[in-house]
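Dear colleague,

Here is the structure I promised to pass on, together with some notes on what I found when I went through it. Please keep it open beside this message as you read.

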Amino acid sequence: MTKNALVTEELASKFATEKETPYTRWVANEGLDIISAHYIPNLHTVDLKPWARRGGKGVYINHEASRTSNDCYVCEIPPGKQLEPQRQLFEEMIYVLDGRGSTTVWNDAGKRITFEWQAGSLFAIPLNAFCQHFNGSGKDAARFVAVTNGPGIINLYEDIDFVFGTQYDFKNRFSGEPDYFDNKGEQKGLLLETNFVADAINLPLIQAKERGAGGGHIRFNMAKGSMNSHISQFPVGTYKKAHCHGPGAHVIMMSGTGYSLMWQEGEEPRRYDWGDGTMIVPPNMWYHQHFNTGAAPARYLAFKHEVVSIRNAQGVPKAWISKRVGGDQIDYADESPVVRSMFKDALSEIGLEPRMESVYEAELADLPEKV
């Protein structure tokens, strides 16, 4: 799909001191590996190492697709156990993969809130608040995936004690409100301002015809953070429009089966098959496109840093805007014929037919003139 851009040892040696960063050194000191792949087939089963400081197991996922903007890690809490308390000067969003349990959040003022979660729950940790996660089962492990903007903060300060040990309450983020982690929120257009979603897999979505295929969409602002996330779903026999954006979007498949294509402009797409628990991280400005080849609607969650959202003057992400008018989304009418033939072949293998003809026709009514 793309060349590795490898160079001579002579040239590489000139940049040897810049290869590692305070962040990568910190992860190594935690005793954990960093997976540098853009594609993780199954977060439910990815291998983890003991994480002594936190009292669980973990692995980090970080590469050039999001190297300094944000990172991702998978963590497991042993049966009947809990992680050690932690606070941090960076933001964190969490999606529960397996199990059930609870989290306690508190601040220096002594305000303490506890809430329960299960597989499919989604929440965020307020900036620099203490948190501690507990496994609610004495039999089964609990596992979650988290995305943070830690790399930039750790690289900026290069002082681990400061990042994880500063006594300061961001009262505008968290002041111990009793209902802080209630399953509620305020809807503003596509954006839901909330701190906790009990069941993100079955959360009602809003129609988003601009992304194609008659799918649903909802965006989140959690714990008043600068990072954001969204959930998208698309029906049986359909696929979404191809688009590209900035680095750092971690796409986690929540339900359904299918595949995604990823490619740099001018190169051939590469296929990545997915199911529940697969994660795909598109590199900076690589086109990607998601296809439902299952017998049920497909839904995914994307955790991301705001740097992903390259926006126009009106604040609209260019990934939602047709390339015909200067955006970064490829209309169905302009996609390669290979896209449709590949999708048809994939569906035929399980006895299904594409349900895209009405979608193609509906697009033509609003399609901008091609320049």
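I begin with N128, which sits in the loop between β9 (122-125) and β10. Please bear in mind, here and throughout, that this is a predicted model. N128 has a positive phi of about 65 degrees although it is not a glycine, and with a relative accessibility of 1% this residue counts as buried, since the limit for that class is under 20%. A second residue with this kind of backbone angle is M285, which is not a glycine either and has a positive phi of about 60 degrees. M285 belongs to the loop between β21 and β22 (287-292), and its relative accessible area of 30% makes it partly exposed.

The strand that follows the loop of N128, β10, takes part in an open sheet of three strands, whose order is β8-β7-β10 and whose pairing is antiparallel. The edges of this sheet are formed by β8 (112-118) and β10 (130-135), each of which pairs on one side only. On average, and with direction ignored, neighbouring strands here are turned by 20 degrees against each other. Between β7 (residues 100-106) and β8, which run antiparallel, there are seven bridges, and R100 is found opposite Q118 in β8.

As for the chain as a whole, its secondary structure comes to six helices and 23 strands. A compact globule of 371 residues would have a radius of gyration near 21 Å, and the protein chain, at 21 Å, agrees with that. Taken along the principal axes, the box filled by the C-alpha atoms is roughly 60 × 55 × 45 Å. Of the 371 residues, 53% count as buried, and among contacts with a separation of 6 or more, 73% are made by residues 24 or more positions apart.

The strand I would look at next is β5, in which seven of the seven residues are buried, so that the strand is largely enclosed by the rest of the structure. In a regular strand the side chains alternate between the two faces of the sheet. In β5, D71, Y73, C75 and I77 point one way, while C72, V74 and E76 point the other way, and all are buried. Five bridges connect β5 with β4 in an antiparallel arrangement, and within this pairing V59 has V74 as its bridge partner. β5 also pairs with strand β11 (residues 142-148), again in the antiparallel sense and over seven bridges, with E76 standing opposite R143 in β11.

The same region leads into the aromatic side chains. The structure holds 27 aromatic pairs, and one of them is formed by Y60 and Y73, whose ring centres are 5.3 Å apart and whose planes lie at 35 degrees, so the pair is tilted. This pair links distant parts of the chain, with Y60 in strand β4 (residues 56-61) and Y73 in strand β5 (residues 71-77), 13 residues apart. Y60 is buried at 4% relative accessibility, and Y73 is buried with a relative accessible area of 2%. Both rings belong to a cluster that ring pairs build from Y23, W26, W51, Y60, Y73, F90, F144 and F164. Two arginines lie over ring faces in this cluster: R53 over F164, at 5.4 Å from the ring centre, and R54 over W51, at 5.3 Å from the ring centre.

Y60 is also touched by D33, whose contacts, not counting residues up to four places away in sequence, are V27, K49, V59 and Y60. D33 lies in the loop between α2 (22-29) and β1 (34-35) and counts as partly exposed, with 38% relative accessibility. The C-alpha atoms of D33 and D182 are separated by 35 Å, the two residues being 149 residues apart along the chain.

Finally, is T278 buried or exposed? T278 is buried, because its relative accessible area is 2%, against a limit of under 20% for that class. It is part of the loop between β20 (270-274) and β21 (279-280). Apart from neighbours within four places in sequence, T278 is in contact with Y39, I40, P41, N42, V251, I252, M253 and D273.

With best wishes

Methods. Residues numbered from 1 in each chain as written. Predicted model: local features only at pLDDT ≥ 70, side-chain atom pairs only at ≥ 80, totals over all residues. Heavy atoms only, no water. Helix = DSSP H or I, 4+ residues; strand = E, 2+ residues; numbered from the N terminus. Buried < 20%, exposed > 50% of the residue type's maximum accessible area, 1.4 Å probe, protein only. Contact = heavy atoms within 4.5 Å. Pairing = 2+ DSSP bridges. Axes fitted to C-alpha atoms, helices over the stretch in contact; angles between N-to-C directions. Phe/Tyr/Trp six-rings, centres within 6.5 Å; stacked < 30°, edge-to-face > 60°. Lys NZ or Arg CZ within 6 Å of the ring centre and 35° of its normal. Rg over C-alpha atoms; globule rule 2.2 N^0.38 Å.
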